[in-house]
Amino acid sequence: MERVRMMRKMIEKIVKSHYFYKFVLTSIVLNSIIIGIDLSLPTESHYHSSLIFYDKIFSYLFLFELVLRIYTYRLAFFKSGWNIFDFIIIVSSSLILESEIFFVFRAFRIVEVLRLISIIPKMRMVSQALFKTLPSMLGICILLLNLYYVYAIIVTYLYGKDFPHWFGSIGDSFYTLFQIMTFESWSMGIVRPVMEVHPHAWIIFVSFLLIASYIILNIAIGVIVDCVGEIRVKEEKDGEAVLLNKMQSLEQEIIELKQLLKIKITNDKT
């Protein structure tokens, strides 16, 4: 029983160590590179079998890593959404690799690189911020859609007859406005040709750019930045709580040791 307990502590120490984290991170990157090289080569390439062999080694390695983590944390492992995310990716990648229809799903093995999101704390923070901002982003998208609709009607009415390939319909105007918002050839390719026929057209397009690109998109960026800040503060508070719990447990262990020493001293005197 004592040997099992020691083994569990040793495995727990390994799994929670920084070296284990770096090893897993390096393995994910190397495996992603191997998958990328394999997918870029034709199936009849003589390098293909070697790459598949290395890919299988990494797959078994990740399964072993998963088993170690589950053995260490037990049911607590599945209380974390990121751990469940890792579990799904590792198991699905292994099933694809061992499947008889492996060649059909070769490209899906690249999902293994998504584990970097759960492994790297900064990427995990950004992902959490993106998910947390979805309700706010939905409101911004609705606002942007309204803006698009208003300007699409205006430009279709004003320039649809002269430039039907850009503003012939509401749909064409939507796409053209999207191109303008991305700054893809918006000046020389679209606005200046329109201004040759309608000299004051710049008022419409510049106002659209200012509202869409510089105001609404900056609001979206601000919402994401605020969420990242909130998540960072929450993680710091959680870290402080964990540290406090560790200190309390250490204090309790010291008290128990003192009591044991007192009992031992009393027994020795008697």
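Is E12 buried, exposed or partly exposed? With a relative accessible area of 29%, E12 is partly exposed, because anything from 20% up to 50% falls between the buried and exposed classes. The side chain of E12 pairs with that of K16 in a salt bridge, with 2.7 Å from N to O. That pair is a handy way into the structure, which is a predicted model.

Stepping back to the overall layout, the protein has 11 helices and zero strands. Read from the N terminus, the elements run α-α-α-α-α-α-α-α-α-α-α. Of the 270 residues in the protein, 30% are buried. The protein exposes about 18,300 Å², and 70% of this area comes from carbon and sulfur atoms. As for how the chain folds back on itself, contacts between residues at least 6 apart in sequence were considered, and 69% of them join residues at least 24 apart.

The UniProt record, an unreviewed entry, lists residues 20-39, 51-68, 80-97, 133-159 and 201-225 under "transmembrane region". How do two of these stretches look in the model? Over residues 20-39, the chain is 100% helix and 0% strand, with 28 Å between the end C-alpha atoms. Residues 201-225 are likewise 100% helix and 0% strand, and here the end C-alpha atoms are 35 Å apart.

Now back to the charged pairs. A search of the whole structure turns up three salt bridges. Besides the pair made by K16 and E12, there is one between the side chains of R69 and E65, at 2.9 Å from N to O. R69 and E65 are four residues apart in helix α3 (residues 48-73), so about one helical turn separates them. The side chain of R69 also meets that of D86 in a salt bridge, at 3.2 Å from N to O. Since D86 lies in helix α4 (residues 81-98) and R69 in helix α3, this pair ties together parts that are 17 residues apart in sequence. Taken together, E65, R69 and D86 are linked in a network of salt bridges.

How accessible are the members of this network? R69 has a relative accessibility of 10% and counts as buried. E65 is also buried, at 5%, and so is D86, at 2%. These values are under the 20% cut-off for buried residues.

Helix α3 is also the place of K56. Unlike the buried R69, K56 is partly exposed, with a relative accessible area of 28%. The C-alpha atoms of K56 and S94 are separated by 8.1 Å, although the two residues are 38 apart along the chain.

Turning to the nonpolar interior, the largest nonpolar core has 26 residues, and Y159, F167, V194, F205 and F208 have the most contacts inside it. Helices α7 (134-159), α8 (164-167), α9 (170-181), α10 (186-197) and α11 each supply at least two residues of this core. The biggest contribution comes from α11, with nine residues. Leaving aside residues up to four places away in sequence, F208 touches L147, Y148, Y151, L177, I180, M181 and S213. Another core, of 16 residues, lies apart from the largest one, and I34, F77, L116 and I119 are among its residues.

Nonpolar side chains turn up on the outside too. F183, L210, I211, Y214, I215 and I219 form a nonpolar patch on the surface, with about 540 Å² of accessible area together. I215 lies in helix α11 (residues 201-269), and at 45% relative accessibility it counts as partly exposed. Another patch member, F183, lies in the loop between α9 and α10. F183 is partly exposed as well, at 38% relative accessibility.

Finally, a word on the backbone. Most residues other than glycine have a negative phi. Against that background, F183 has a positive phi of about 65 degrees although it is not a glycine. R74, also not a glycine, has a positive phi of about 55 degrees. The place of R74 is in the loop between α3 and α4.

Key. Residues are numbered from 1 along each chain as its sequence is written. This is a predicted model: local features need pLDDT of at least 70, side-chain atom pairs count only at pLDDT 80 or more; totals for chains, interfaces and linings use all residues. Side-chain values use heavy atoms; hydrogens and water are left out. Patches are made of residues with over 30% relative accessible area and no salt bridge: like charges are joined within 9 Å, nonpolar side chains (Val, Leu, Ile, Met, Phe, Trp, Tyr) within 5 Å. Accessible areas come from the Shrake-Rupley method with a 1.4 Å probe; for residues, only the protein chains shown count as cover. A salt bridge is a side-chain nitrogen of Lys or Arg within 4 Å of a carboxyl oxygen of Asp or Glu. Buried means under 20% relative accessible area, exposed over 50%, partly exposed in between (1.4 Å probe, protein chains only). A nonpolar core is a set of buried Ala, Val, Leu, Ile, Met, Phe, Trp, Tyr and Cys residues joined through side-chain atoms within 4.5 Å. Contact means heavy atoms within 4.5 Å. UniProt positions are given in the numbering used here, feature names are shortened, and annotations may be inferred rather than shown by experiment.
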